[in-house]
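Got the model loaded and the selection box ready? Here is a tour, one stop at a time.

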Amino acid sequence: MTMSVTKSGNSYGMGDINSTGIILKVENLTKIYVSSMGKVVSLRNVNFSVNRGEFISIVGPSGSGKSTLLNMIGALDRPSSGKVYINGIDIFSLNDSQVATMRNTTIGFIFQSYNLINRTTVLKNVEFPGITGGMSDDDRKRRAMKLLDFLGIKDKAKYKPSNLSGGQQQRVAIARALMNDPKMILADEPTGNLDTKTGRDVFNLLTMLSHEFKRTVIMVTHNPELAAATDRAIHIIDGAIENEIVNIQT
Ligand SMILES: Nc1ncnc2c1ncn2[C@@H]1O[C@H](COP(=O)(O)OP(=O)(O)O)[C@@H](O)[C@H]1O
Ligand SMILES: [Mg+2]
């Protein structure tokens, strides 16, 4: 098992992850938005930990704080109080440039609406995180092509994203998220704009990244069937964890 993971991992340029243990710890996380409309408590005292390679789903009604939580974990926004530890590092104790480096090397983001740049090619979209990653032009292009191949859309490299189907565009976004070989993938309703079958395909890719390549995947979803197929579903209501369900897959 380990052997085959190592082999296929290397052929797609994904480094080995052998270590186990906790990759993410969320501690007493609270986020209050203050605007002219008043105060909104988006997260209340949220606590949980995630193991390396675990596939977690976050479920809950619209407006319950799921995106807020993902944005805090990815350091896209700061909490009002509480901490997020990634690999034991308190990410909000880092300065801006350290946060940017951590984000760029450790985390890959996938969004519901793909967030691709439509005025350039699929290939350039995938290459993009590698620019700040400091790869040479050739290495970057080679790696991006490898990832497009891995995701079955190599033949679309020269297309504009808007000329692809939704499922193909989400594959481009996944390739882009994998560009810097992140240890953790944060996906905010990645199947939300896709039909059932295409959504399943994208979900299966995330499952493979977790189970075969030992990436930690945290996915927000509205789909109870998909949530039940992840390792653990964290239910959020009104900014607080309602319960956590560990799914035993048969
Ligand atoms: N930037 C913001 N400013 C003010 N309120 C916000 C902001 N972002 C989110 N909220 C509020 O926080 C709550 C949780 O939002 P969100 O995390 O987007 O929920 P979900 O992703 O579960 O639908 C909502 O009430 C939302 O209106
Ligand atoms: Mg949301």
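Which residue in E2 does Val34 stand opposite? Select Val34 and look across: Lys39 in E2 is there.

Some ground rules before moving on. This is a predicted model, in which local features need pLDDT of at least 70 and side-chain atom pairs count only at pLDDT 80 or more, while totals for chains, interfaces and linings use all residues. Residues are numbered from 1 along each chain as its sequence is written, and chains are lettered from A and ligands numbered from 1 in the order in which they are written. Helices (H or I, at least four residues) and strands (E, at least two) are DSSP runs, numbered from the N terminus.

**Stop 1: the open sheet of 4 strands**

Stay with E1 and E2. The two run antiparallel and are joined by 10 bridges; strands pair if DSSP finds at least two bridges between them. Now add E4 and E5, and you have an open sheet in the order E2-E1-E4-E5, with antiparallel pairing. E2 and E5 (89–90) each have a single partner strand, so one side of each is left without a neighbour in the sheet.

Next, show H2. This helix packs on the sheet and touches E1, E2 and E4 (81–86), where contact is C-beta atoms, placed from the backbone, within 7 Å. The direction of H2 makes about 120° with that of E1. Axes here are lines fitted to C-alpha atoms, for helices over the stretch in contact, and angles run from 0 to 180 degrees between N-to-C directions.

**Stop 2: ligand 1**

Select ligand 1 and its shell, that is, residues whose C-beta atom, placed from the backbone, lies within 6 Å of it. Among the residues around ligand 1 are Tyr33, Ser35, Val40, Ser42 and Gly60, as well as Gly63, Gly65, Lys66, Ser67 and Thr68. Which elements give two or more residues to this shell? They are E1 (22–35), E2 (38–51) and H2 (66–73), and the largest share, 3 residues, comes from H2.

Colour the shell by class and you get 2 nonpolar, 9 polar and 1 charged residues. In this scheme Ala, Val, Leu, Ile, Met, Phe, Trp, Tyr, Cys and Pro are nonpolar, Asp, Glu, Lys and Arg charged, and the others, Gly among them, polar.

**Stop 3: the open sheet of 6 strands**

Select E6, E7, E8, E3, E9 and E10: in that order these 6 strands form an open sheet with mixed pairing. E6 (107–111) and E10 are the edge strands, each pairing on one side only. Ignoring direction, neighbouring strands of this sheet are turned by 15° against each other on average.

Zoom in on a few pairs:

- E3 (55–59) and E9 (232–237) run parallel with 4 bridges; the bridge partner of Ile56 in E9 is Arg232.
- E9 and E10 (240–246) run antiparallel with 6 bridges, and Ile236 stands opposite Ile241. The two strands form a hairpin with 2 residues between them, and Asp238 in the turn has a positive phi of about 50°.
- E7 (184–188) and E8 (216–220) run parallel with 5 bridges, and Asp188 stands opposite Val220.

Bring back H2, which lies across E3, E7, E8 and E9 and runs at about 150° to E8. Then show H7 (196–211), which packs on the sheet by touching E3, E7 and E8, its direction also making about 150° with that of E8.

**Stop 4: helix against helix**

Keep H7 and add H6 (166–178). The axes of H6 and H7 come within 9 Å and cross at roughly 15°, and the helices are therefore roughly parallel (under 35 degrees). Gly166, Gly167, Gln170 and Ile174 in H6 meet Thr198, Asp201, Val202 and Leu205 in H7.

Now swap H7 for H4 (122–132). H4 and H6 pack at about 30°, with axes 7 Å apart, which makes H4 roughly parallel to H6. Val122, Asn125, Val126, Phe128 and Pro129 in H4 meet Val172, Ala175 and Arg176 in H6; these divide into 6 nonpolar, 1 polar and 1 charged.

Last selection: H5 (137–150). The axes of H4 and H5 come within 9 Å and cross at roughly 120°. Among the H4 residues that meet H5 are Leu123 and Glu127, with Leu147 and Leu148 among those on the H5 side.

Terms used: Contact = placed C-beta atoms within 7 Å. Parallel < 35°, antiparallel > 145°, perpendicular 65-115°, else oblique.
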